[in-house]
Amino acid sequence: MKIAIHHTPGTFSNRWIEHCEQHGINYGIVNCHDNHIVDQLKDYDALMWHYYHDNYKDSLLAKQLLYALEQADKVVFPNFYTNWHFDDKVGQKYLLELFEAPLVPSYVFYDKAEAKRWAKDTSYPKVFKTRRGAASANVRLVKNNRECMRLIDRAFGKGFGQFDPSQAFADRVRRFWETKNLLELVKGLARFVSPPAYARKAGRDRDYVYFQDYIPNNDFDIRLIVIGDRAYGMKRMVRSGDFRASGSGHFVYDDIEADVLRVGFDVTKRLKLQCAAYDFIYHDGRPLIIEVSFGFGIKGSSKCTGYWDSELKWHSGEFNPQGWMVDAVLEEVIRSKETRTIVE
Ligand SMILES: Nc1ncnc2c1ncn2[C@@H]1O[C@H](COP(=O)(O)OP(=O)(O)O)[C@@H](O)[C@H]1O
Ligand SMILES: [Mg+2]
């Protein structure tokens, strides 16, 4: 049994490799961008690839390659169920509504007049978002009908880029006061003239508009990561004077309520997700999902002091969530080999 890993330093693959080395798991490094990738993968039972939404090249081919392999009975991480709605909040709206998961009420329009009719009658504030993006880029509070109409005009006009230099600069100024690292500010200024490559290449979001109800009075959102029967997480504090937590860089680890864990395990199982990082927010004492993603930063788990199992029992001590992913892939390979033997 042999696992192929596409290695991008700084992503899950660092710790996938570490886990394979530590446990004597047979693995090899492959390059998914290579024209001969299908041929390269012939000797492998599975492919694991932590691709990133802000790596433009990855997003050109990751879904296509992974789905093609899955159709040919290879085990892949992330698989189709886990992957198709990645970095697509609109796709997640449909999916979570279908499964009656507790999603923050969300609205999408593909017609300008219809969006405007809705905007006239709805209550405010609302939250505007583009379907793609992370770290709160392109997530805005819409205070009233006038602001909403302006956003709708823009959505059906020149649209929205993937990067907002003013928002990114404000984050850098905040970090500067904490780190006193002047380079942060200089880089932030440079971004006004030269946006990151992914933002220049990925094109604009336009011809649809997406909103959510604004859920007030939250000092934090909750990032819960569920992988199989294990979960861990953290609260992410909102930026000062702002309602947005994602990208703030301020965390409180391990402090997760049981109802969040219950929803996380339940939705992950019903949607058949290999791995899910949820953003939750509380409304009237009830946790609601803001969004879900298979990918997340690799540093957080080392700051957590333990994890929960699906019986909500706490397990103290260090853990390697990327190792859980490798083990789950190995189990899937074994299961799929057994199924094929029975069929033959
Ligand atoms: N509907 C909402 N009501 C209140 N706060 C929200 C809502 N949606 C998002 N937020 C806040 O904004 C942050 C960014 O939103 P999110 O949809 O997760 O975008 P991103 O993809 O940039 O992480 C969240 O971490 C949360 O703190
Ligand atoms: Mg988020």
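**Exercise 1. Find out how the chain is divided and how far apart two of its parts lie.**

Start with a distance: the C-alpha centres of domain 1 and domain 3 lie 32 Å apart. The domain assignment gives domain 1 (3–77), domain 2 (81–103 + 217–312) and domain 3 (104–213), with bounds from an automatic or database domain assignment.

Before going on, note that this is a predicted model, where local features need pLDDT of at least 70 and side-chain atom pairs count only at pLDDT 80 or more, while totals for chains, interfaces and linings use all residues. Residues are numbered from 1 along each chain as its sequence is written, chains are lettered from A and ligands numbered from 1 in the order in which they are written, and side-chain values use heavy atoms, with hydrogens and water left out.

**Exercise 2. Describe what surrounds ligand 1.**

Step 1: count the neighbours. The shell of ligand 1 holds 24 residues, and the closest are Lys89, Lys129, Ser136, Asp213 and Asp221. A residue belongs here if one of its heavy atoms lies within 4 Å.

Step 2: sort them by class. You get twelve nonpolar, four polar and eight charged residues. Asp, Glu, Lys and Arg count as charged; Ala, Val, Leu, Ile, Met, Phe, Trp, Tyr, Cys and Pro as nonpolar; the others, Gly among them, as polar.

Step 3: look for polar partners (N or O atoms within 3.5 Å; within protein, one must be able to donate a hydrogen and the other to accept it, and residues adjacent in sequence count only if both atoms are side-chain atoms). An oxygen atom of ligand 1 is 2.6 Å from a side-chain N or O atom of Lys89. Ala245 offers a polar backbone atom 2.9 Å from a ligand oxygen, and for the side chain of Glu291 the distance is 3.0 Å.

Step 4: ask which elements take part. Strands S6 (126–129), S8 (209–213), S12 (275–283) and S13 (286–293) are the elements giving two or more residues to the shell; strands are DSSP runs (E, at least two residues), and helices are runs of H or I with at least four. By domain, at least three residues come from each of domain 2 and domain 3.

**Exercise 3. Follow Asp213 to its partners.**

First, place Asp213: it's in strand S8. Next, check its side chain: a polar contact of 2.9 Å joins it to the side chain of Tyr107, and another, of 3.0 Å, goes to the side chain of Lys126.

**Exercise 4. Track down some unusual backbone spots.**

Recall the background: most residues other than glycine have a negative phi, and most peptide bonds are trans.

Now go hunting. Phe77 and Pro78 are joined by a cis peptide bond, with omega about 0°; Pro78 is in the loop between strand S4 (75–77) and helix H4 (80–83). Tyr124 and Pro125 also share a cis bond. Finally, Asn138 has a positive phi of about 65° although it isn't a glycine, and it's in the loop between S6 and strand S7 (139–142).
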